[in-house]
Each structure stands twice: as structure tokens, then as C-alpha cells.
Amino acid sequence: MSKPDELLVDLAALVESGQSNQMSLTVVTGGAVITGRLAPEAVWRLRVSDVLTDSDRLSDFSAVFKAPAKSDGAPTHLHFHVARILQGTVGIPETGGMYRVAIEDVSAWTVGDFSYSDH
């Protein structure tokens with residue numbers, strides 16, 4: 001999108017202001033479908049930092065995510081946790097991952113998350 005969807009920006013701002021991580025969303029970006037729950041950027045950064053801290057090889061990178069988020073204006077990114085990239089009949093990773101998506105790159109979206117079942 002050349003101009004971010006104002007409704008999606010408002011939704012992201014509400015997640016940021018409420019510090020809630022219960023909003024489920026599915027987006028299409030760059031041909032990928034990502035589904036999961038949104039988190040405030042500060043919460044997302046902390047979770048990514050914790051994962052990196054626990055890694056023998058990547059712990060040095062955790063400090064990057066501990067830096068406070070710049071909050072000058074409307075949100076520019078969506079921060080997904082417990083999220084999956086949908087491909088075929090599976091979601092990758094099965095347990096959910098942490099994704100940061102630029103709002104301007106979202107070409108379609110819907111409230112709620114999707115999952116597949118073999119049943």
C-alpha cells in the first residue's frame with residue numbers, strides 16, 4: 001500500500017494504547033498470509049529480547065530489542081506474537097512466532113485468526 005490503511009493504523013494504535021495482546025488479526029503482505037495476535041511493540045520487544053537472551057549464539061542481539069520503542073506519532077508496524085505464516089494446510093511455525101509487519105505493506109486484512117485442521 002502506498003498509503004497505510006487508516007482503519008488498520010487506528011487498530012494498531014488501540015493495541016498500543018491499551019497494552020493488550022488479545023487482538024487477533026490476519027494480514028496479507030508480500031503474498032504471505034500471517035495470522036495471530038497483535039501485541040504492543042514494547043511487549044513484543046521484551047519477548048523477542050527474552051528469546052534471544054536464552055540463546056547461546058544470539059544473546060548479544062537481545063540488547064537491540066531492550067531499547068525503548070520510539071513513539072512519535074501513529075504506529076507504522078504491526079507486532080504479532082503467537083503468529084503463523086499460512087502455507088498450504090499448515091501454519092509455520094506450529095507453535096507460533098514473532099513477526100513485525102510494516103502497515104504500509106499490508107495489502108489485505110481481517111479481524112480474527114485462521115487455523116487449519118486435518119479433521
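These questions and answers walk through a predicted model of one protein chain.

Me: What kind of model is this, and how are residues numbered?
Reply: The model is predicted; local features need pLDDT of at least 70, side-chain atom pairs count only at pLDDT 80 or more, and totals for chains, interfaces and linings use all residues. Side-chain values use heavy atoms, with hydrogens and water left out, and residues are numbered from 1 along each chain as its sequence is written.

Me: In what order do the elements of the protein chain run?
Reply: Helices (H or I, at least four residues) and strands (E, at least two) are DSSP runs, numbered from the N terminus. The chain has three helices and five strands. From the N terminus on, the order is α-β-β-α-α-β-β-β.

Me: What is the radius of gyration of the protein chain, and why does it agree with a compact globule?
Reply: The radius of gyration is taken over C-alpha atoms, and the globule rule is 2.2 Å times the number of residues to the power 0.38. The C-alpha atoms fill a box of roughly 40 × 35 × 25 Å, taken along the principal axes. With 119 residues, a compact globule would come out near 14 Å, so the chain agrees with its value of 15 Å.

Me: What percentage of contacts between residues at least 6 apart in sequence join residues at least 24 apart?
Reply: Contact means heavy atoms within 4.5 Å. Take the contacts between residues at least 6 apart in sequence; the share that joins residues at least 24 apart is 61%.

Me: Which helix supplies the largest share of the largest nonpolar core?
Reply: A nonpolar core is a set of buried Ala, Val, Leu, Ile, Met, Phe, Trp, Tyr and Cys residues joined through side-chain atoms within 4.5 Å. The largest one has 16 residues, and L8, L25, V27, I34, L78 and F80 have the most contacts inside it. At least two residues each come from α1 (6–18), β1 (24–29), β2 (32–38), β3 (77–87) and β4 (90–102). The largest share, five residues, comes from α1.

Me: Which residues does V27 touch, leaving aside its neighbours within four places in sequence?
Reply: V27 is among the core residues with the most contacts inside the core. Leaving those neighbours aside, V27 is in contact with A32, V33, I34, L78, F80, V106, A108 and W109.

Me: What is the volume of the largest cavity?
Reply: On a 1 Å grid over the protein atoms alone, a cavity is a set of points where a 1.4 Å probe fits but cannot get out; lining residues have an atom within 4 Å of a point. The structure holds one cavity of 30 Å³ or more. Its lining is A12, V15, E16, L38, A39, H77, L78 and H79. Grid points are joined across faces, edges and corners, and a volume is the space filled by probe spheres set on the points, here about 40 Å³.

Me: Which residues lie closest to the centre of the largest pocket?
Reply: A pocket is an open set with protein on both sides within 12 Å along at least five of seven lines. The largest pocket has a volume of about 350 Å³. Of its 16 lining residues, the closest to the centre are E41, K70, S71, P75 and T76.

Me: Is E41 buried or exposed?
Reply: Buried means under 20% relative accessible area, exposed over 50%, partly exposed in between (1.4 Å probe, protein chains only). E41 lies in helix α2. Leaving aside neighbours within four places in sequence, E41 is in contact with E16, A69, H79 and R100. At 13% relative accessibility, E41 is buried.

Me: How far apart in space are P75 and A12?
Reply: P75 sits in the loop between α3 (62–66) and β3. P75 counts as buried, at 19% relative accessibility. Its contacts beyond four places in sequence are V9, A12, A13, E16 and I103. P75 and A12 are 63 residues apart in sequence, yet C-alpha to C-alpha the distance is 6.4 Å.

Me: Which residue other than glycine has a positive phi near 50 degrees?
Reply: The residue is found in strand β3. With a relative accessible area of 39%, it is partly exposed. It is V82.
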